[in-house]
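Here are a few notes to read with the structure open beside you. Take the points one by one, and find each residue as you go.

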Amino acid sequence: MSNRIKNVAEEIISDQWATLKKVTYSYQNQDQSWSDVKREVYDRGYGACALLYNVKKQTVILIKQFRLPAYLAGDGGFLTEVPAGIIEDEAPEQAIIREIEEETGYVIPALTSVGDIFTSPGAVTERIFLFIAPFDDAQKVTDGGGLDSENEDIEVVEYAFAKALQDVKKGVIKDAKTIILLQHLALSGVMKTSNL
Ligand SMILES: Nc1nc2c(ncn2[C@@H]2O[C@H](COP(=O)(O)OP(=O)(O)O[C@H]3O[C@H](CO)[C@@H](O)[C@H](O)[C@@H]3O)[C@@H](O)[C@H]2O)c(=O)[nH]1
Ligand SMILES: [Mg+2]
């Protein structure tokens, strides 16, 4: 915690699906003076996501689903993403193993952590934990598609890795966590067939 921040007071503005707060605090500027600041902050917890890849097939597993905020932001709303979910009362890796199975139908026993990111730090408290993992066809046990009880209607797509990277370049794939993981995989050299 920084000693440049004090007198933090939170007021809940809305507490339904997630929490919207008004927060006031005193902030010490670089010139040592203090300012009183007011900010609205949205808290829907932390998230986890994972990129599944197959080196032999040179493919990755992505999902396509309707995202209302993207629709309201004028982008049609159907986004291509890595499987992801909100972390409940569990470790990030456990959360993503559960979400991968619900959303894609693959059972993935273990993943490699590649860090965590703030997705929109000016307004949202969300921290997303990023993972990658190899997959093979034998690990697909159901169709996936998400939970009917939560109105999830998820299309699972096995993408050629080269096409996914092209779609990032062309701006077809616009989801930040997905772009970061695809670029991470490209930079890591993991997909090079010479690594087999
Ligand atoms: N009832 C209700 N349900 C909601 C609301 N907002 C979201 N949901 C539902 O809550 C579920 C959340 O699904 P998850 O798979 O756990 O999360 P996610 O939406 O995929 O979120 C992941 O991706 C996000 C976008 O990048 C990330 O923001 C998030 O951290 C996580 O990684 C979905 O069924 C969604 O429809 C709401 O306001 N009301
Ligand atoms: Mg999800």
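1. Let's begin with helix α3, which covers residues 161–169. Its buried residues are F161, A164, D167 and V168. They cover an arc of only 120 degrees around the axis, which puts them on the same side of α3. Turn to the other side of this helix and you will find A162 and K169, which are exposed. A general rule helps here: an α-helix has 3.6 residues a turn, so residues three or four places apart point the same way. Keep in mind throughout that this is a predicted model.

2. Now try the same reading on helix α2, which spans residues 92–104. From first C-alpha to last, α2 reaches 18 Å with its 13 residues, close to the 18 Å expected at 1.5 Å a residue. Which residues of α2 are buried? They are A95, I96, E99, I100, E103 and T104. Looking down the axis of α2, these buried residues fall within an arc of 135 degrees, so they line one face of the helix.

3. Helix α4, residues 176–188, lets you check the length argument again. Its 13 residues should span 18 Å at 1.5 Å a residue, and the C-alpha atoms at its ends are 18 Å apart, which agrees. The buried residues of α4 are K177, T178, L181, L182 and L185. Because they cover an arc of only 130 degrees around the axis, they sit on the same side of α4. After the helix comes G189, which has a positive phi, near 80 degrees.

4. Next, look for the magnesium ion, which is ligand 2. Which residues coordinate the magnesium ion? A84 does so through O and E103 through OE, at 2.1 to 2.2 Å. A84 belongs to strand β7 (residues 84–86) and E103 to helix α2, so the pair ties together parts that are 19 residues apart in sequence. A84 counts as buried because its relative accessibility is 12%, and the cut-off for that word is under 20%. E103 counts as buried too, because its relative accessibility is 2%. You have met E103 already, among the buried residues of α2.

5. Ligand 1 is worth a slow look. There are 15 residues around it, and R67, I86, E103, E126 and K177 come nearest. So E103 appears again, both among these residues and at the magnesium ion. K177 is familiar as well, as one of the buried residues of α4.

6. How does ligand 1 meet the protein's polar atoms? Start with K177, where a polar side-chain atom lies 2.5 Å from an oxygen atom of the ligand. At I86 the partner is a polar backbone atom, 2.9 Å from an oxygen atom of ligand 1. At E150 an N or O atom in the side chain is 3.1 Å from an oxygen atom of the ligand. On its own, ligand 1 has 760 Å² of accessible area, and the protein covers 69% of it.

7. Two loop residues deserve a check of their backbone angles. Most residues other than glycine have a negative phi, and most peptide bonds are trans. Q32 is not a glycine, yet it has a positive phi of about 80 degrees. You will find Q32 in the loop between β2 (19–28) and β3 (34–43), and it is exposed, with a relative accessible area of 53%. Q58, also a residue other than glycine, has a positive phi near 55 degrees. Q58 is in the loop between β4 (47–54) and β5 (59–66). Is Q58 buried or partly exposed? With a relative accessible area of 26%, Q58 is partly exposed.

8. For a strand residue, pick L130 in β9, which runs over residues 127–134. L130 counts as buried, since its relative accessibility is 3%. Its C-alpha atom is 9.7 Å from that of L111, and the two residues are 19 residues apart along the chain.

9. Finally, step back to the whole protein. It has 4 helices and 10 strands, and from the N terminus on they run β-β-β-β-β-α-β-β-α-β-β-β-α-α. Along the principal axes, the C-alpha atoms fill a box of roughly 60 × 40 × 35 Å. How many of the 196 residues count as buried? The share is 37%.

Technical notes
Residues are numbered from 1 along each chain as its sequence is written. Chains are lettered from A and ligands numbered from 1 in the order in which they are written. This is a predicted model: local features need pLDDT of at least 70, side-chain atom pairs count only at pLDDT 80 or more; totals for chains, interfaces and linings use all residues. Side-chain values use heavy atoms; hydrogens and water are left out. Helices (H or I, at least four residues) and strands (E, at least two) are DSSP runs, numbered from the N terminus. The expected span of a helix is 1.5 Å times one less than its number of residues. Buried means under 20% relative accessible area, exposed over 50%, partly exposed in between (1.4 Å probe, protein chains only). The arc is that of the directions from the helix axis to the C-beta atoms. A residue is near a molecule or strand if one of its heavy atoms lies within 4 Å of it. A polar contact is a pair of N or O atoms within 3.5 Å; within protein, one must be able to donate a hydrogen and the other to accept it, and residues adjacent in sequence count only if both atoms are side-chain atoms. Accessible areas come from the Shrake-Rupley method with a 1.4 Å probe; for residues, only the protein chains shown count as cover. Donors are N, O and S atoms within 2.8 Å of the metal (3.2 Å for Na, K and Ca); water is not among the atoms, so sites may look incomplete.
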